[in-house]
Amino acid sequence: GGGAPAGGGGGPGPPPPRPLYPPPMSETLQLTGELVQKLQEVLVAHDERCHDPLVAVQYMAAVTGYLLAAQPVPEEKRAEFLDHLDAFMRQVHADLRAQQAGPSGDGQGPGAP
C-alpha cells in the first residue's frame, strides 16, 4: 500500500504558545468616568442597591472572582494573578486619589466628594 506514514507527517506543526499567565497588567486600559457610570448602571438594573458605589464595587469584585475561577489556569498562577490584580487596583486607586487631590494636595480637586 502507498498510504501516508503513521504519525501524519506534514501536519500543521506545533501548537501555538499558550498565553502568559498571569498576563501583564495593562497600562493602556481605556478607563473613563463614562465607562464606570455605564457599568454601575448595568449593576443598578440588576440590583437597585448598586446606586451605592460600595455595593457596586462588591459586585465588580465578585464578577472578577467568578471570571477568574472559570478560567483553566493552574492554581499557583491564579494566586499570582489575584496578587497582581490587587496591586493593580491599589495603583489605580492611588492614581485617582492623587488626581483628585490636585496640585495643592487638599483632596478638593475634580471628582472630590
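In this predicted model, the largest nonpolar core comes down to 5 residues: Leu43, Val44, Cys50, Val55 and Ala56. Two helices share the job of building this core, with α1 (33-46) and α2 (53-69) each putting in at least two residues. Val44, one of the core members, touches Cys50 and His51 once residues up to four places away in sequence are set aside.

Zooming out, the fold is helical throughout its regular elements: the chain has 3 helices and 0 strands, and reading along the sequence gives the pattern α-α-α. Burial is limited to 13% of the 113 residues. The chain exposes about 9300 Å², and carbon and sulfur atoms supply 63% of that area. As for contacts with a separation of 6 or more, 31% link residues that sit 24 or more positions apart.

Charged side chains add another layer, with 5 salt bridges in the structure. One of them pairs Asp47 with Arg49, and here the closest N and O atoms are 2.6 Å apart. The two partners sit in contrasting surroundings. Asp47 is buried because its relative accessible area, 11%, falls under the 20% cut-off. Arg49, on the other hand, comes out at 55% relative accessibility, so this arginine counts as exposed, the cut-off being over 50%.

Helix α3 (residues 75-101) holds both Glu75 and Arg78, which are 3 residues apart, or about one turn of the helix. Their side chains meet in a salt bridge, at 3.2 Å from N to O. This time the acidic partner is the exposed one: Glu75 has 57% relative accessibility, whereas Arg78 is buried at 15%.

Further along α3 come Asp86 and Arg90, 4 residues apart and again about one turn of the helix. These two also form a salt bridge, with 3.2 Å between the closest N and O atoms. What about their exposure? Asp86 has a relative accessible area of 32%, which lies between the 20% and 50% cut-offs, so this aspartate is classed as partly exposed. Arg90 counts as exposed, at 56% relative accessibility.

Put side by side, the bridges described here bring together partners with unlike burial: buried Asp47 with exposed Arg49, exposed Glu75 with buried Arg78, and partly exposed Asp86 with exposed Arg90.

Key
Residues are numbered from 1 along each chain as its sequence is written. This is a predicted model: local features need pLDDT of at least 70, side-chain atom pairs count only at pLDDT 80 or more; totals for chains, interfaces and linings use all residues. Side-chain values use heavy atoms; hydrogens and water are left out. Buried means under 20% relative accessible area, exposed over 50%, partly exposed in between (1.4 Å probe, protein chains only). Contact means heavy atoms within 4.5 Å. Accessible areas come from the Shrake-Rupley method with a 1.4 Å probe; for residues, only the protein chains shown count as cover. A nonpolar core is a set of buried Ala, Val, Leu, Ile, Met, Phe, Trp, Tyr and Cys residues joined through side-chain atoms within 4.5 Å. A salt bridge is a side-chain nitrogen of Lys or Arg within 4 Å of a carboxyl oxygen of Asp or Glu.
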